[in-house]
Structures are given as C-alpha cells and as structure tokens.
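Thanks for coming. I have one structure to go through today, so please have the sequence and the coordinates open.

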Amino acid sequence: MTDKIQAIRGMHDILPEHTSKWQYVESVFRRVLPAYGYQEIRLPIVEKTELFKRSIGEVTDIVEKEMYTFLDRNGDSLTLRPEGTAGCLRACLEQGLLHYPTHRLWYQGPMFRHERPQKGRYRQFHQLGVEAYGMEGPDIDAEIILLTRRLWKDLGIDHTLELQINSLGTTEERLVYREHLVAYFHQHLDSLDEDSRRRLETNPLRILDTKNPDMTEVVAQAPTLAEFLGPESREHFEGLLRQLDDGGVPYTINPRLVRGLDYYSRTVFEWVTTRLGAQGTVCAGGRYDGLIAQLGGKASHAIGFALGMERLIDLIEDDDHRIADLGLPHAFLIRVGEEAEREGLKLAERLRDALPGLRLQVNCGGGNFKAQFKRADRSGARVALILGGDEARDQLIGVKPLREDAVQLTLRQSELIAHLTNLI
C-alpha cells in the first residue's frame, strides 16, 4: 500500500466544520476596517530575504532561527514572509503609494516561522495586518487601538482581552537605555539563563521578555525605558494615554513590553488574554517611524499591528449563535426518480436565480428516498425539499422541516420562493 502523504509539521488544514468561524471573523474585519477608512492591499507570500534582514533585524530570533529561506532557480535568496509589515511597506515604496501624505491599509493571509509547534503556535499561521503611514501625532496610535477594541466588541470577546502598552522612545533614547541595561545585566550574569546571556550581546531588550520564572527578580530590578525617554517621547506617550482615557479604553502600562522586532519606536502595545495558556498575545503592534527610511523611502511616520487569526478563533465560543449555522445549507433537495432528477436541477437553478442568498444543496449520486433523507439531515440544512415523480409532473414540492417539530407541507413550486425567503 502506498503511504499517505501527511501535512508538513506545524502546518494545519482548516476543515469545513471550522471555516464558518473563520468566515465570520473575516466578515467582521471587512465591516469594521472600512469604517475607519482602511483599504485592503494584497501582497506576495514570498519576498527577497534581504527585505526581512533589513527591516526585522539580523539578530532577532525571527531572522536568526525561524525564517523559511531558500535559493530559487536563479540563485536568489527568497523567504516565505514571517510577518506582513515589511512586505506592505516594500509594496508601498515600490508602487509609489507613499507619495500621498497619508495611507491606511490592511491585509491578511498566511505567514511562516519555523518555531516549535504547540497549541496556538504554528509554522504556517494567519494574520490580519493593519498599517497607517504619514501621521506623526498620538491620535493615530489611539485610533489604531480604538479600532482593535471595536473588533473585539463586534466579535464578542472584549471581556477576555487586556491592553498592555509601553513606549520604547526613539532609536537614540533606546541606545542609551541599552547601554545601561547591558551594564546592569553584566552585574547579574549569574542570574541569567543561557538564552539571556546570548541576547545580552545581540538584543538585550528581549531579556525583559523572558518567561523564565528564575529570572523574575533580576528583570524586575532592571532599569526601565521610561527613565530614559526624552521630552517629545514622554509627550507623545502621555498624549496617547489621555486619548485612551477619553475613549474609555482601559490599559496597563507594562514597562517590560519591548516587542521582538528591531523596527519599533515609541508606542508598542499588546492585547493579551489568560484563556489561551502560554500563547496569550492575540494582537500586537506599535510605531515604526524609522523603517520607511531604512528601506530606502523618504523619512515618514508609520504605525501598525497584526493579530493572530488562530488565537482569535480559539477565543470565540463554538456555540456562538451568530456562527452556528453560517455556511450550512438552508435547504437540501431530495430527488427520487429519473423525472425528478431531471426537473430538480432546473428547479434548483430557478430558486438560486430568484434567491441569491439561498444556500441550496442538491442530492447528487442517486440513492433511494431513505438514503437521501439521511444525507439531508447530515448536511445541517433546515428543510428538506422532496421531489418525486408525481411532484415533478404536478409542479408540486414537499417541504419537511429538519430542525424543528413541524408538519411536512406540500406546496406548488410557484409558492416555494416565498416560503424559502423566510429561511434566508
């Protein structure tokens, strides 16, 4: 027997019984994002490796250990995108979109990182990304966070998420802080684990992100970035907090929140939950004012966020009534006999013409009435439409409710459209 080919470890299928929840979440995105003036942009999955090295940073975990990088037939080094910000900015620079003063964009799709697979963390995962360009003040930071809060409200999960926020200051301020942080940790080398000792020379701010409980005390005593912020960074952060207060958005200032990418500056934030175990960050983002110039564009301002679809989906209740029957057929057409099979296909097309929102599944592949009725029940349809030889000749149709205790009706086919309208 030939061995079955398995999916690649960490890359999962999304089966039909789960896609309705995905479609529901995506429908909320498509309603909320335009309400804030954001337009969709569609981007390649593969980019030149150099793009991620220059934007994310060569000494980050993503670039050092997690990227899917390969040489194509021309010998060019390409990478499956590990995140969306760099590709979106590359597209805007290449297509001249940033010649306009401001832009609000969003995208979604799969990203790829070679991490250790576990619940809520996959090697192919899906993100929604939102980016805003050309706006300097903290009002756009506040708008981005208000937008995310509206997403949680509309998805019915706002009570499960907490906003954590911090300011990383400017690059110059962060460099001064970095020197003090490195000096502090050098004084406590015995308290650092192996990973943190490695990061001490490459990316010391990530030590603050450690999940090692043995390092809790030494990290808690480390100097904070807030002590090194200049007047403009302080004013920006305080302006953002005032606008969040005005908008009624609760938050926690987390001085250890640094994010894992080099391009962030000033505002960084995360929406976290305690319902997903170790993978508690559902959405994260911040400013990256220096990245546009770093990638060859004219210096300007930028902010964005990405949210993890798999973690978001896990937060939504399986029995949410808004999702329960999404994607299931409204009706299942049973056709018994040669004449009914022929007339049934024509009837189904007439119904779809008259009722564009109707989800109608037609029995194909034959079978007696009992077998077809079982298929109708398994389909999840709310009603079975029953067409036999007599009904086909007399232009009649049987209508049997499948999800409620009600009697079967016999209608004229001309009456069926009005009856099915109530199901849509």
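I will take the strands, then the cores, then the cavities, and end with two arginines. Please keep in mind throughout that this is a predicted model.

Start with the main sheet. What is the strand order? It is an open sheet of eight strands, ordered E1-E5-E6-E11-E10-E9-E7-E8, and the pairing is mixed. At the edges stand strand E1, residues 39-40, and strand E8, residues 252-253; each has a single partner strand, so one side of each has no neighbour in the sheet. For E8, the partner is strand E7, residues 162-167, and the two run parallel, joined by two bridges. If you want to find that pairing on screen, look for Gln164, whose bridge partner in E8 is Thr252.

Now the hairpin. Strand E3, residues 68-71, pairs with strand E4, residues 77-80, in the antiparallel sense, over four bridges. Five residues lie between E3 and E4. In that turn, Gly75 has a positive phi of about 85°. Leu71 is the residue opposite Ser77 in E4.

Further along the chain, strand E14, residues 383-387, and strand E15, residues 396-401, run antiparallel and share four bridges. Ile386 is set opposite Gly398 in E15. E15 is also joined by four bridges to strand E16, residues 409-412, again antiparallel. There, Leu396 has Arg412 in E16 as its bridge partner.

On to the interior. As background, nonpolar side chains in soluble globular proteins tend to be buried together. Here the largest nonpolar core has 46 residues, and Cys88, Tyr133, Phe185 and Leu208 have the most contacts inside it. Which elements feed this core? Those supplying at least two residues each include helix H2 (49-56), helix H4 (85-94) and helix H6 (171-186), along with strands E5 (103-112) and E6 (124-133). Helix H3 (61-66), helix H8 (216-220) and helix H10 (291-294) also each give at least two. A second core, separate from this one, has 45 residues, among them Leu128, Leu244, Leu276 and Ile316.

Take Leu208 as an example from the largest core. With neighbours within four places in sequence left aside, Leu208 contacts Tyr177, Leu181, Phe185, Val219, Ala222, Arg256 and Val258. Phe185 in that list is itself one of the residues with the most contacts inside the core.

Next, empty space. How many cavities of 30 Å³ or more turn up in a search of the whole structure? There are two. The largest has a volume of about 40 Å³. Ten residues line this largest cavity, and the closest to its centre are Val59, Thr60, Asp61, Arg199 and Asn203. H3 and helix H7, residues 194-202, each supply at least two residues of the lining. H7 gives the largest share, three residues. By type, the lining of the largest cavity has one nonpolar residue, four polar and five charged.

The second largest cavity holds about 30 Å³ of space. Its lining is made up of Leu43, Pro44, Glu47, Phe52, Arg81, Glu83, Gly84, Gly87 and Cys88. That lining divides into four nonpolar, two polar and three charged residues. Cys88 links this part of the talk to the previous one, being also among the residues with the most contacts inside the largest core.

Last, the two arginines. Arg259 sits in the loop between E8 and strand E9, residues 265-272. Is Arg259 buried or exposed? Its relative accessible area is 19%, and the cut-off for buried is under 20%, so Arg259 counts as buried. Not counting residues up to four places away in sequence, Arg259 touches Arg206, Asp209, Tyr264, Val268, Phe269, Glu270, Ala284 and Gly285. Of these, take Asp209: Arg259 and Asp209 are 50 residues apart in sequence, with 8.0 Å between their C-alpha atoms.

Arg335 belongs to strand E12, residues 331-335. Arg335 is buried too, because its relative accessibility is 7%. With residues up to four places away in sequence not counted, Arg335 touches Ala340, Glu341, Gly344, Leu345, Val362, Asn363, Cys364, Gln372 and Leu387. Arg335 and Met67 are 268 residues apart in sequence and 53 Å apart in space, C-alpha to C-alpha.

That is the tour.

Definitions and conventions
Residues numbered from 1 in each chain as written. Predicted model: local features only at pLDDT ≥ 70, side-chain atom pairs only at ≥ 80, totals over all residues. Heavy atoms only, no water. Core = buried A, V, L, I, M, F, W, Y, C linked by side-chain atoms within 4.5 Å. Buried < 20%, exposed > 50% of the residue type's maximum accessible area, 1.4 Å probe, protein only. Contact = heavy atoms within 4.5 Å. 1 Å grid on protein atoms, 1.4 Å probe; cavity = no way out; pocket = protein on both sides within 12 Å on 5 of 7 lines; lining within 4 Å. Points joined across faces, edges and corners; volume = space filled by probe spheres on them. Nonpolar A, V, L, I, M, F, W, Y, C, P; charged D, E, K, R; others polar. Pairing = 2+ DSSP bridges.
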